[in-house]
Amino acid sequence: GKIYLFALGEKSDPNEALVWLKRAANAKFKPASNMPQFDPKEPHRNTAIGEAAVILANVYLGSIKGVAADPKEARKWFDRARYVGHVPAAKILGDLYYFGVGGPRDTKRAFTYYKEAATLGYAPGQFALAQMYANGEVIGGPNLKQALAWYEQAAKLEHPGAIFVLARAYDLGEGAPANPQRAISLYKTAALQGNIDAQAALATYFYEGRLVPKDDATARQWFQTAAIGGDADAMFNLG
């Protein structure tokens, strides 16, 4: 199925690929004996059944020319992948419900799938769940304590966005005791992992000389990195 799907030129046959991928994705699966073990360090590593289902889902999201996009069908295949133990598929399925792709927007179902992925140890699922708690998109309204708890879990798995949010919490003392030293350490970690918000924040520290020696050259370097990444404030400060 993959060979037919990704072959070049005349050797490519998406319709034939779908036939084989569906046979693989619909193969017999017994959760009690066939469920793969999830490894947070290699989250996309999975069985042929799960991988085939995810490929089908992405095809129906419009990723392959020659196959009409069908977001509703994509939901179905992501759900199949989730069922057979492809944890990242649960998070993507949550995204589809959260943003209303392939059907009506449903934040309750999005929350369910995010929590499933988060509980199994998938960092992007933990981050998405934390955001829902922080934004008050759960029963009972905003819950910063729960949000920070899930951000912490995602940060332990080196999720740059979660590390930045924690840094900001310790920087501003929002939901956690103010701890500037830990904040700058977390900003640096997230910045080195490519988070542009953290890069801009770190640049500001060096520019203002707060908690670190003032260093205009280093500040300029981080402002430029964040600016190239698209951060408007960094562009302005670099100018």
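How many aromatic pairs does the structure hold when ring centres are compared by distance? In this predicted model, where two rings are taken as a pair if their centres lie within 6.5 Å, the count comes to 10 aromatic pairs. One of them joins Phe164 and Tyr187, whose ring centres are 5.9 Å apart and whose planes stand at 45°, so the pair is tilted; for that class the planes must be neither under 30 degrees apart, which would count as stacked, nor over 60, which would count as edge-to-face. The pair links distant parts of the chain, since Phe164 belongs to helix α10 (residues 160-172) and Tyr187 to helix α11 (residues 180-192), with their positions 23 residues apart in the numbering. Both Phe164 and Tyr187 are buried.

Aromatic residues also meet in a group, for Tyr98, Phe99 and Tyr114 form one aromatic cluster. Tyr98 and Phe99 bring us to helix α6, which covers residues 87-99. This helix has 13 residues and reaches 19 Å from its first C-alpha to its last, close to the 18 Å expected at 1.5 Å a residue. Of those 13 residues 11 are buried, so helix α6 is largely enclosed by the rest of the structure. The buried residues include Tyr97 and Tyr98, together with the charged residues Lys91 and Asp95.

From Tyr98 one can step across to Arg109, which lies 11 residues away in sequence and 7.8 Å away in space, C-alpha to C-alpha. Arg109 is part of helix α7 (residues 107-119), and with a relative accessible area of 38% this arginine is partly exposed, whereas Tyr98 is among the buried residues of α6.

Two other tyrosines have a charged side chain over the ring. Arg75 lies over the face of Tyr97, at 3.9 Å from the ring centre, and Tyr97 is itself one of the buried residues of helix α6. In the second case the charged end of Lys214 sits over the ring of Tyr207, 4.5 Å from its centre.

Finally, on the surface, Tyr4, Val19 and Trp20 form a nonpolar patch, with about 280 Å² of accessible area together. Tyr4 is found in helix α1 (residues 2-6) and has a relative accessible area of 35%, so this tyrosine is partly exposed, in contrast to Phe164 and Tyr187, which are both buried.

Note on methods. Residues are numbered from 1 along each chain as its sequence is written. This is a predicted model: local features need pLDDT of at least 70, side-chain atom pairs count only at pLDDT 80 or more; totals for chains, interfaces and linings use all residues. Side-chain values use heavy atoms; hydrogens and water are left out. Rings of Phe, Tyr and Trp (its six-membered ring) pair if their centres lie within 6.5 Å; planes under 30 degrees apart count as stacked, over 60 as edge-to-face and the rest as tilted. Helices (H or I, at least four residues) and strands (E, at least two) are DSSP runs, numbered from the N terminus. Buried means under 20% relative accessible area, exposed over 50%, partly exposed in between (1.4 Å probe, protein chains only). A charge sits over a ring if NZ of Lys or CZ of Arg is within 6 Å of the ring centre and within 35 degrees of the ring normal. Patches are made of residues with over 30% relative accessible area and no salt bridge: like charges are joined within 9 Å, nonpolar side chains (Val, Leu, Ile, Met, Phe, Trp, Tyr) within 5 Å. Accessible areas come from the Shrake-Rupley method with a 1.4 Å probe; for residues, only the protein chains shown count as cover. A salt bridge is a side-chain nitrogen of Lys or Arg within 4 Å of a carboxyl oxygen of Asp or Glu. The expected span of a helix is 1.5 Å times one less than its number of residues.
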